[in-house]
Amino acid sequence: MRIRTLIACTLILVALPAAAEEKGSDTKGKYYFKKSCKSCHADGGAAKALTPLSKTQAQWKKFFEGGKHKGDALSPKFGPPAQILDIKTFLVNHASDSPQPETCGG
Ligand code: HEC
């Protein structure tokens, strides 16, 4: 059972770059999201829990295109622009209305 889930998730990750709409790295974005955002945006954290499923693709794009987080610039606060783009890519690609909603843990 777990092995099948693992295989399914791996296949999705391998298949993704072809389907990806954003230009950043989905895989790196997942890592940076955990590192730069989940420290606060998790159950028991300083802010409400967020996963890619928390918003639609349009909502995530709007957030990143605004470039602001609580009034502060997203970059460099949360990393250089390339890392912010990776996080955006990951969140948009796995948003609630995306073709690949996040199902492999956030
Ligand atoms: C130092 C803690 C902290 C970190 C790190 C952090 N946030 Fe936040 N964030 C907050 C707080 C506090 C709020 C406002 C209260 C709330 O929404 O829970 C907020 C609000 C938000 C909101 C608006 C809430 C909503 O539902 O629209 C979004 C989106 C968001 N953050 C995304 C991010 C992303 C993406 C990252 C990583 C790049 C990040 N945050 C990193 C603390 C943090």
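Reader: Is His41 buried or exposed, and what's its relative accessible area?
Author: Heads-up: this is a predicted model, with local features needing pLDDT of at least 70 and side-chain atom pairs pLDDT 80 or more, while totals for chains, interfaces and linings use all residues. Residues are numbered from 1 along each chain as its sequence is written, and side-chain values use heavy atoms, leaving out hydrogens and water. Buried means under 20% relative accessible area, exposed over 50%, and partly exposed in between, with a 1.4 Å probe and protein chains only. His41 counts as buried because its relative accessible area is 14%.

Reader: OK, and which residues coordinate the iron atom of the ligand?
Author: Donors here are N, O and S atoms within 2.8 Å of the metal (3.2 Å for Na, K and Ca), and since water is not among the atoms, sites may look incomplete. On that basis two NE2 atoms sit at 1.9 Å from the iron. They belong to His41 and His69.

Reader: Where in the chain does each of the pair sit?
Author: Helices (H or I, at least four residues) and strands (E, at least two) are DSSP runs, numbered from the N terminus. The two residues are 28 apart and link distant parts of the chain. His41 is in the loop between helix 2 (26–36) and helix 3 (57–66), and His69 is in strand 1 (residues 68–69).

Reader: What geometry does the site of the iron atom have?
Author: Six donors count as octahedral if opposite ones are over 155 degrees apart and all others between 65 and 115. The ideal values for six such donors are 90 or 180 degrees. Here the angles among the six donor atoms run from 89 to 180°, and the site is octahedral.

Reader: How far is the polar side-chain atom of Lys55 from an oxygen atom of the ligand?
Author: A polar contact is a pair of N or O atoms within 3.5 Å. Lys48 makes one with a ligand oxygen at 2.8 Å. For Lys55, the distance is 2.7 Å.

Reader: Which element gives the largest share of the largest nonpolar core?
Author: Such a core is a set of buried Ala, Val, Leu, Ile, Met, Phe, Trp, Tyr and Cys residues joined through side-chain atoms within 4.5 Å. This one has 14 residues, and Phe33, Trp60 and Phe64 are among those touching the most other members. Helix 2, helix 3 and helix 5 (81–93) each give two or more residues. The largest share, five residues, comes from helix 5.

Terms used:
Four donors count as tetrahedral if all angles lie between 85 and 135 degrees; four count as square planar and six as octahedral if opposite donors are over 155 degrees apart and all others between 65 and 115; anything else is irregular. A polar contact is a pair of N or O atoms within 3.5 Å; within protein, one must be able to donate a hydrogen and the other to accept it, and residues adjacent in sequence count only if both atoms are side-chain atoms.
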